[in-house]
Amino acid sequence: MPKRKESASSNSQGQSKKAVSAPPEVEDAVEMPENAAGEDLKLEGEEDEVGEVGQARFLGDPIPVEEAKRRWPHRYTRGQSEFTQARGHYSNAEVDGVVFSLDDEAYVQAEPGKDSYICKIVEFFSAVDGSLHFTAQWYYRAGDTVIQSCTSLVHNKQIFFSEIRDDNPLDCLVKKINIKFIPSKEIIGFDPKTIPTWDFYYSKKYLLPYTSFVNMPSDDETKSQESTSTISSDRETSSESHDPKNEISLLDLYSGCGAMSTGLCLGANIGGVRLVTKWAVDYNQYACESLKLNHPETEVRNESAEDFLHLIEEWEKLCSSFSLSTKRSSCNEMESNAKGGFNSKKAEEEEEAAEDDDDAGDSEIYEVEEILGICHGDPNNHGKSELHFKIRWKGYGPEEDTWEPLEGLSDCKDKLKEFVTRGYESKLLPLPGSVGVICGGPPCQGISGFNRFRNKEAPLEDPKNKQLKVYVDIVDFLKPRFVLMENVVDMVKFAGGFLGRYALGRLVSIGYQVRMGMMAAGSYGLPQFRMRVFMWGALPTENLPQYPLPTHEVANRGVNPTEFEMNAVNYDEGCEPTLKPALFLKDAIADLPAVGNKEERDEMPYTLDPESEFQKFIRRRRDEMPGCLVLGSISPEHSLYDHVPYRLNQDDYDRVCQVPKKKGANFRNFPGVRVRPDNKVEWDPDIERVYLKSGKPLVPDYAMTFVRGTSSKPFGRLWWDEIVSTVVTRPEPHNHALLHPEQDRVLTVRENARLQGFPDYYKLTGPVKERYMQVGNAVAVPVARALGYSLASALKGSSGSEPVMKLPENFPFVPPPA
Ligand code: SAH
């Protein structure tokens, strides 16, 4: 709390409420020889008197000098300043007539107009120069932490203990207050109204490194005992504990094609924890298809996260209505819904048909054979989003399946019960308390640097940023044991970092321990820089996972937002071990066969042997991949998938063919373009403009004006010894350098996938543009894998209290721990 230091020093410089006018008696009261243990210079009876306003003094005997030296040895060593070297320590003091004792909590005078500071008094001492001090260990209000402007999310009585201590003039103490410690186990669902007479409460520490909110050490002791047996132990609220396979379930929100959860599971499994992606949610159909193709074990939900949230809320009610989940009984609600009568689409159609056809006679009765699925939404475009069930009708085939609202199913409660029971048993959908981990990155397009209409004043009101709220709402409802949220660095840059503060504040407000780090993909063995924010959250009953430290050098460190510079996951300065050398484009893609701009094959054979370690690793079969759970069975050899480039139109292709095949080449090498000494491009007046066969200019105007003529990106060729700054979602050569070093085309989907660390066996589906999107959107697999390993360490109780950890030598090649 740096502000505090200012306050303390300004006080000692005479700006405190009384420091300048401290009456001589105050000094008299503590004036005593260094070895005055036991001698009391106070006046008889002084201790119990109410002091006068304007007085600050110690009361009672000094603490025996031997004890004081033992407890605060640094105060008695030579070489201290006259303000910090102690003459004696005390247990009690009186300021303005108020008696304070060691370990009391108190308000401390702040600058005019500001709320008093809050501290625990951990030392009372008189310095050798005669001045009187107390040492404060500070509490943070939410507004003093990283949460800052989002302070309203956190109850105004909740504060956070710190490890920061400093010395202050005794007369800065204002008032004694009551602060209640709530053990972390009790913080979820804690109601501050139950402690009306307490001024504040706390259950966590706030630590500046990686802006962490963590349990108090006293909690850690109980918790680590618990967590060593966590994986197999009974968690009262969790149906997971009854999982015979000891699996930890993962819900991947905004899953895309599943890179993040794939990496997390691989890493956790390497670390000896069976983490399995049970559910994934994404509204992009192709991304869902890709995920399903690679993860048949996952229930992939192709719907919006908003609908998914409504769905799981309704699912929980349904389960409890059939006495499957006891959390909340909504039997009555369900039954009254089900009594609403049959007015489904089928019935409506039936009525319409009957009206149309007078000869139809008695209308046909449609009978439900089976309920096949459930969703929340408006599948029939009736303008109303609600719970729907997929119905197979008796005597009809799958083509005739329809989606029906709940109220239409009053006559088939048995079928409904059957479906819900089956779904409950197979964990069709997650229930509160049954989820191990939620991962995902809620898209916040409203903060993208490319978006000119960003709402800086109220970023959360921008519908493009709404998903952040939906994400935390899902976490709040399901209360998973762990959360891992990913986002772009703009999250902590845009609008003063509001969205990052919001996410941390909300997670803290619902009881989670949290911390935030920024990781560069390149630091984990990729030729791509790609800095992203990762937020860990853990229930107070768990160990908060650490950040895995880099394993590789990375060529370009990029620029971090200054305020959060310290959140970049890295070794402390001077403590860096020898990291593995940085990877370059050549290491990642040089073994891939040459393909043309018009390549059409989605699958082809490999033609060259892998050379680099990276190539050998990435080409492994699924069952050879460390952490892969298809144990015991050998996966088929795979061919080379998705090695297709986005097809450039003829004009762009003609341009690309003219970009020299050398390092640093781009549109600036085209005839007619001249580079000024200030690195801006201009037209060379001596050269006539060159035109393509189509009549379009070779050098398009947009290339000349992009970033006011300063950019080298348009039609930029990558080179073998380079790293890519960020794999993008649109293979657009007009404003990104993404041409192959030696072939006249953009990098293929597979080449991009390699740069993101996708194993080659991971096959994608959908149109080529969609596959680029899936790859460009992904969390780099090696980053997720390293985080998965940290998660396993936390689950196994083997992670320390430090915010960062070192991955095993040779990770990911480590034998699974016994
Ligand atoms: N974590 C993924 C990448 C996710 S990219 C990975 O590592 O592979 C973000 C995804 O969010 C995109 O696939 C997009 O389709 C999806 N998305 C965006 N808004 C959504 C919404 N409202 N509901 C569900 N999915 C959404």
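Biologist: Hi! Before we look at the ligand, what counts as a polar contact here?

Modeller: Hello! A polar contact is a pair of N or O atoms within 3.5 Å. Keep in mind that this is a predicted model.

Biologist: Thanks. So how far is the side chain of Glu 306 from a nitrogen atom of the ligand?

Modeller: An N or O atom in the Glu 306 side chain sits 3.3 Å from a ligand nitrogen.

Biologist: And what about the backbone, say at Met 260 and Tyr 283?

Modeller: Met 260 has a polar backbone atom 3.0 Å from an oxygen atom of the ligand. For Tyr 283, a backbone N or O atom is 3.2 Å from a nitrogen atom of the ligand.

Biologist: How much of the ligand's accessible area does the protein cover?

Modeller: On its own the ligand has 570 Å² of accessible area, and the protein covers 91% of that.

Biologist: Which elements give two or more residues to the shell around the ligand?

Modeller: Those are helix H6 (259-270) and helix H8 (305-321).

Biologist: Nice. Which residues come nearest to the ligand?

Modeller: There are 19 residues around the ligand, and Tyr 254, Met 260, Asp 282, Ala 305 and Val 779 come nearest. Split by class, the shell has 9 nonpolar, 7 polar and 3 charged residues.

Biologist: Let's turn to H6. How many residues of H6 are buried?

Modeller: 12 of the 12 residues are buried, so H6 is largely enclosed by the rest of the structure. Among them are Met 260, Cys 265 and Asn 269.

Biologist: What do the buried residues of H6 pack against?

Modeller: They pack against several elements, including strand S14 (248-253), strand S15 (275-281), strand S23 (531-538) and helix H20 (781-795).

Biologist: What span does H6 reach from its first C-alpha to its last?

Modeller: H6 reaches 17 Å with its 12 residues, close to the 16 Å expected at 1.5 Å a residue. H6 is followed by Gly 272, which has a positive phi near 90°.

Biologist: Changing topic: where does Ser 162 lie, and is Ser 162 buried or exposed?

Modeller: Ser 162 is in strand S8 (residues 159-169). Its relative accessibility is 1%, and buried means under 20%, so Ser 162 counts as buried.

Biologist: What lies 3.0 Å from a polar atom of the side chain of Ser 162?

Modeller: That would be the backbone nitrogen of Ile 164.

Biologist: And which residues does Ser 162 touch, not counting residues up to four places away in sequence?

Modeller: With those left out, Ser 162 touches Gln 137, Trp 138, Tyr 140 and Tyr 206.

How values were computed
Residues are numbered from 1 along each chain as its sequence is written. This is a predicted model: local features need pLDDT of at least 70, side-chain atom pairs count only at pLDDT 80 or more; totals for chains, interfaces and linings use all residues. Side-chain values use heavy atoms; hydrogens and water are left out. A residue is near a molecule or strand if one of its heavy atoms lies within 4 Å of it. A polar contact is a pair of N or O atoms within 3.5 Å; within protein, one must be able to donate a hydrogen and the other to accept it, and residues adjacent in sequence count only if both atoms are side-chain atoms. Accessible areas come from the Shrake-Rupley method with a 1.4 Å probe; for residues, only the protein chains shown count as cover. Helices (H or I, at least four residues) and strands (E, at least two) are DSSP runs, numbered from the N terminus. Ala, Val, Leu, Ile, Met, Phe, Trp, Tyr, Cys and Pro count as nonpolar, Asp, Glu, Lys and Arg as charged, and the others, Gly among them, as polar. The expected span of a helix is 1.5 Å times one less than its number of residues. Buried means under 20% relative accessible area, exposed over 50%, partly exposed in between (1.4 Å probe, protein chains only). Contact means heavy atoms within 4.5 Å.
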